[in-house]
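Student: Could we go through the side-chain packing of this model step by step, with the criteria stated as we go?

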Amino acid sequence: MNYIQFLEMRPEISLLALFVVVFVYDLVARGKWRHYFHPITCILLMLHCAVCLGESYREATLFSGMYLTNPMIGIVKTILTGGTLLLVMQANKWLRSAHTTHKQGEFYTLLLSTLFGMYIMISAQHFLLFFIGLELASLPLACLVAFDKYRHHSAEAGVKYILSSMFSSTVMVYGISFLYGTTGTLYFEDMAAGVNGSPLQIFALVLFFAGMGFKISLVPFHLWTADTYQGAPTVVSSYLSVISKGAASFALMTILIKVFAPMVEHWQIMLYILTVASITIANLFAIRQTDLKRFMAYSSISQAGYIMLAVIGGAADGMSALVFYVLVYIFANLAVFGIIETLEHHTRSSVSRDDCNALYKTNPKLTLLMTLALFSLAGIPPFAGFFSKFFVFMSAFKAGFWVLVFIALINTVISLYYYLLIVKAMYITPNDNPIKPFNSSKYSRISFIVCLAGILLLGICSFVFEEIDKLSYGM
């Protein structure tokens with residue numbers, strides 16, 4: 001093996017260097033130097049984000065085709081890193097609280113470990129490397145879910161997550177073993193030549209899809225989602241809902257196109273059913289939720305269904321629509337979860353819809369941001385969420401799934417109703433004792449400004465989607 005190839009893995013090397021710096025700093029920093037831990041981590045993440053952005057200008061295949069980097073993969077890694085940076089900024093106040101301040105370094109190292117696993121997963125062109133990346137992304141997430149193990153239901157959420165994750169991984173490996181047995185290879189490109197749609201390979205596809213369905217929270221593999229989101233720390237729930245989901249969706253589409261292309265009719269039927277079920281069932285259950293984190297859990301399941309519209313569309317249009325949807329979704333969802341985290345830190349308790357009653361009277365800025373983020377998630381023009389939904393609808397429509405698009409449009413109206421329930425609570429529902437005025441941390445305010453800019457500008461600045469679309473045709 002030519003070990004010089006490792007130097008070509010620039011995003012991974014940069015992230016490992018960041019991991020080592022954070023790990024060593026956590027060991028040696030004492031006293032006042034601990035106060036610089038968070039800003040140093042944010043600055044290093046910004047520099048690392050620039051390294052990932054530089055990867056969008058080159059293409060390389062390493063280790064006999066096991067690892068691939070190209071402009072689109074570079075953009076996806078940049079998006080995931082940028083979302084992680086915003087999340088770390090929002091986590092500052094929580095990490096400085098009495099019960100987590102001594103575990104700040106642990107949080108950063110676990111978070112960076114999961115991000116490294118996602119890098120490997122989306123660059124993998126071999127099922128062994130893909131599975132290593134998937135597990136490297138999943139196992140530290142279980143620790144993050146149970147991070148507040150002595151508070152609320154974090155330990156219970158961690159147990160539910162790790163057990164579900166282990167079961168789904170086992171099912172997936174079982175399916176991959178059937179693929180290996182029938183094709184004689186684990187390389188994506190070589191495996192596609194041996195895929196012929198035999199009953200054993202159809203069974204393997206079902207098992208593989210079941211495993212990935214858990215990672216993306218598709219119905220009926222979603223049962224862990226609401227309890228885990230509610231019990232986990234809010235910043236971890238936010239990470240699960242956007243960063244983890246975005247990486248898994250991109251990897252799923254890549255494998256379906258590269259490995260299962262000869263079985264396109266089979267996996268499109270599966271996607272059709274799961275997309276309708278995810279969007280419809282999640283929307284109906286979201287209406288019944290009063291706890292905001294459980295509400296956002298079902299919202300994320302519904303959003304996963306919309307992302308699958310891009311996957312079922314396939315081809316370059318679907319890939320560009322998926323990446324753009326994830327980009328917009330990160331800004332809108334991080335804004336909502338960031339506000340929930342801020343309210344929880346201020347009230348010292350979980351936040352329900354009733355707690356938001358008349359919030360505009362005491363905290364008008366947070367209320368406005370929450371409203372715009374919810375409008376974007378609902379797909380109301382002229383916010384970025386409208387354009388992201390338009391592109392995924394268009395990719396599915398071009399592929400001939402007109403009925404599916406029509407069902408998704410009907411569900412968009414349902415989602416608008418339950419998002420407006422929160423808006424109604426904040427602006428219309430009276431409250432004699434609303435949450436008192438307070439100031440969020442400066443890091444949270446910066447992240448909120450960035451999220452607001454993304455919600456307002458990504459739809460208007462059409463060149464962003466055009467550039468992503470150009471890169472998708474080069475994959």
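Tutor: Let us begin with a criterion: rings of Phe, Tyr and Trp (its six-membered ring) pair if their centres lie within 6.5 Å, with planes under 30 degrees apart counted as stacked, over 60 as edge-to-face and the rest as tilted. This is a predicted model, in which local features need pLDDT of at least 70 and side-chain atom pairs count only at pLDDT 80 or more, while totals for chains, interfaces and linings use all residues. Residues are numbered from 1 along each chain as its sequence is written, and side-chain values use heavy atoms, with hydrogens and water left out.

Student: Which residues do ring pairs link into a cluster?

Tutor: The structure holds 33 aromatic pairs. Some of these rings are joined through such pairs into a cluster, whose members are Tyr25, Phe37, Trp94, Phe107, Tyr108 and Phe147.

Student: How many residues apart are tyrosine 229 and phenylalanine 337, the pair that links distant parts of the chain?

Tutor: Their rings are edge-to-face, at 6.5 Å centre to centre and with 65° between the planes. Tyrosine 229 belongs to helix 10 (residues 225–231) and phenylalanine 337 to helix 14, helices being DSSP runs of H or I with at least four residues, numbered from the N terminus. Along the chain, the two are 108 residues apart.

Student: Is phenylalanine 337 buried or exposed?

Tutor: Buried means under 20% relative accessible area and exposed over 50%, with partly exposed in between (1.4 Å probe, protein chains only). Because its relative accessible area is 1%, phenylalanine 337 counts as buried.

Student: Which helix gives the largest share of the largest nonpolar core?

Tutor: A nonpolar core is a set of buried Ala, Val, Leu, Ile, Met, Phe, Trp, Tyr and Cys residues joined through side-chain atoms within 4.5 Å. The largest one has 172 residues, and Val323 is among those with the most contacts inside it. The largest share, 20 residues, comes from helix 14 (residues 315–347).

Student: Which ring does the charged end of lysine 77 sit over?

Tutor: A charge sits over a ring if NZ of Lys or CZ of Arg is within 6 Å of the ring centre and within 35 degrees of the ring normal. For lysine 77, the distance to the centre is 5.4 Å, and the ring belongs to tyrosine 119.

Student: How many disulfides does the structure hold?

Tutor: A disulfide is taken as a pair of cysteine sulfur atoms within 2.5 Å. The sulfur of cysteine 356 is 17 Å from the closest cysteine sulfur, in cysteine 451, and is therefore too far for a bond. For the whole structure, the number of disulfides is 0.
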